[in-house]
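Reader: Before we start, I would like to hear how the terms for packed helices are applied here.

Author: Here is the structure.

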Amino acid sequence: MKTRDLVLIALFAAIIVALGAVPPITLGFIPVPITAQSLGVMLAGVVLGAKRGVLAVALVILLVAIGLPVLSGGRGGLGVFAGPTVGFLLGWLPAAYVTGRIAEGFAGYTFAATKQTLGFIAAAAIGGVLVLYLFGIGYLAFGAGLGLEKAFYGSMAFIPGDLIKAVVAGLAGRAVMVGYPILHRSA
Amino acid sequence: MRSLYHDGRTVMHRLPAGAKLAGLMVVAVLLFLTRSIPLLAFAMLATGTIYLGLGQPLRVAIRPLVPILATILAVVGLHLLFNGVEEASVTGLRLTALMLLAASVTATTSISDFIAVISQAAMPLERLGLLKAADIGLAVGLVVRFVPEIITRYDAIREAHRARGLTPKAGTVIAPLIIATLKDADSIAAAIDARGIRGQ
C-alpha cells in the first residue's frame with residue numbers, strides 16, 4: 001500500500017471519529033439534528049472507494065476495540081461489542097464496501113452532474129442503509145434473540161433519518177469529486 | 001482523546017493482553033452456548049465482581065457502561081413484552097455478563113499493549129504480503145493525532161458560515177471539511193516517507 005493511501009485511510013477514520021464528537025448538526029430541510037457518524041461511513045465509501053473505505057471504517061472499529069471512546073456519545077471499549085446493537089457497528093464494514101463498490105462505477109469526469117450525484121446517493125442508500133440494516137437487524141434478531149419481526153420494527157424508526165443521510169452523502173461525494181477527486185474506478 | 005484504560009496492579013492488569021483477549025472470546029462463545037439462567041446469573045455476578053474489583057472509582061467504572069446497558073435494557077424490555085420472562089432473563093444476563101468482562105479487559109489493557117498484540121496477530125498476513133503489521137500502529141497514531149485538528153477545522157467552517165450570515169448545514173459543511181482534510185494527505189505522506197518511518 002502506498003503511504004498516501006495509508007494516510008488517506010487514517011485521515012478519513014479521523015473524520016468519522018470527529019463527526020461523532022461534534023454536536024449534532026441540522027440538515028436544513030428537517031428540523032431534527034442528526035449525529036453524523038453513520039454519515040461518515042457512507043462518505044468513506046463514496047469518497048475513498050470500496051477498499052480504502054472499508055479500511056478507514058475498520059480502523060475506527062479497531063480504535064473502539066482498543067479502548068478509545070471514538071463512537072458518538074463517547075462510547076468505546078470492548079464492552080460496545082457486547083451490546084445488542086453491535087450489528088449496526090460491525091455492519092459498517094460491508095456498508096462502506098458496498099457503497100464504495102457502487103460509487104466506483106460512477107467515478108470520473110464522463111458522468112453528467114445529476115447522474116453522478118444520483119449514483120452516489122443510490123450507492124450510499126444501498127450500502128449505508130440497506131446493507132447496514134441487514135447486519136444490524138440480523139444481529140438484533142438472532143444474536144440478541146429478538147426475532148426478525150420485532151428487530152425490524154424496532155429499527156424502522158431510524159431508517160428515514162439514514163435515508164436523508166444517504167442524500168447528504170451523495171451530494172457531498174459529488175462535491176468532493178469536483179473539488180478533490182480521489183475515487184477511482186478500481187482503487 | 002483519553003482511553004478507557006485505568007492504571008492498576010490487579011491480577012487482570014498483570015495478565016498478558018493476548019491471554020485476556022483469547023479468554024474473552026472463549027467466554028463469549030460459552031455464554032452464547034448456554035441457556036441456563038443460574039449459570040448465566042453466576043457469570044454475571046463473577047464478571048461484575050471482576051469489573052468492580054479493578055480499583056476504578058465507581059463513577060469512572062459505571063459511565064462507559066451506561067449507553068450499552070441502555071440498549072440491553074431496551075432489548076430486555078421488548079423480550080418481556082413479547083417473548084416472556086425466560087427469554088428476557090437469558091438475553092439480559094448473557095449480554096450484561098459479556099459486557100462486564102469485555103469492559104474489564106478494556107480497563108486493564110493499555111493502548112500500546114493492544115497494538116502490540118494486534119501487530120503480532122497480523123504477522124501471518126504480513127508474510128502473505130497483504131499488509132505491513134507496523135502500519136496498524138502508525139495508522140492508529142495518525143488518527144489520534146488528527147482528530148483534534150479536524151474538530152477545530154469543523155468549528156472554523158461553521159464560524160465562516162456564520163460570518164457570512166449562513167446557517168451551517170450538513171450539506172455545506174461536510175464537503176469543505178473532507179476536501180480540506182484530505183488535501184493534507186500528500187504532505188503528510190511525504191513527511192512519513194522522508195523520515196523512513198515505513199522503512200521503504
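Author: A crossing is left-handed if the near helix is turned anticlockwise from the far one by less than a right angle, and right-handed if clockwise. The model shown is predicted.

Reader: Which hand does the crossing of α6(A) and α7(A) have?

Author: The crossing of α6(A) and α7(A) is right-handed.

Reader: What makes α6(A) oblique to α7(A)?

Author: The axes of helix α6 (residues 113–143) of chain A and helix α7 (residues 148–156) of chain A come within 8 Å and cross at roughly 130°. Angles over 145 degrees count as roughly antiparallel and 65 to 115 as roughly perpendicular; roughly 130° falls in neither class, so α6(A) is oblique to α7(A).

Reader: Which residues make that contact?

Author: From α6(A) come Y133(A), I137(A), L140(A), A141(A) and F142(A), and from α7(A) come L148(A), A151(A), F152(A) and S155(A). By class, eight are nonpolar, one is polar and none is charged.

Reader: Why is α3(B) called roughly parallel to α6(B)?

Author: In chain B, the axes of helix α3 (residues 37–52) and helix α6 (residues 85–108) come within 8 Å and cross at roughly 25°. Angles under 35 degrees count as roughly parallel, and therefore α3(B) is roughly parallel to α6(B).

Reader: What is the hand of the crossing where α3(B) passes α6(B)?

Author: There the crossing is left-handed.

Reader: What classes of residue make up the contact of α3(B) with α6(B)?

Author: The contact of α3(B) with α6(B) has 14 nonpolar, five polar and two charged residues. Among those that meet are L40(B), M44(B) and Y51(B) in α3(B) and L93(B), R94(B) and L100(B) in α6(B).

Terms used. Residues are numbered from 1 along each chain as its sequence is written. Chains are lettered from A and ligands numbered from 1 in the order in which they are written. This is a predicted model: local features need pLDDT of at least 70, side-chain atom pairs count only at pLDDT 80 or more; totals for chains, interfaces and linings use all residues. Side-chain values use heavy atoms; hydrogens and water are left out. Axes are lines fitted to C-alpha atoms, for helices over the stretch in contact, and angles run from 0 to 180 degrees between N-to-C directions. Helices (H or I, at least four residues) and strands (E, at least two) are DSSP runs, numbered from the N terminus. Contact means heavy atoms within 4.5 Å. Ala, Val, Leu, Ile, Met, Phe, Trp, Tyr, Cys and Pro count as nonpolar, Asp, Glu, Lys and Arg as charged, and the others, Gly among them, as polar.
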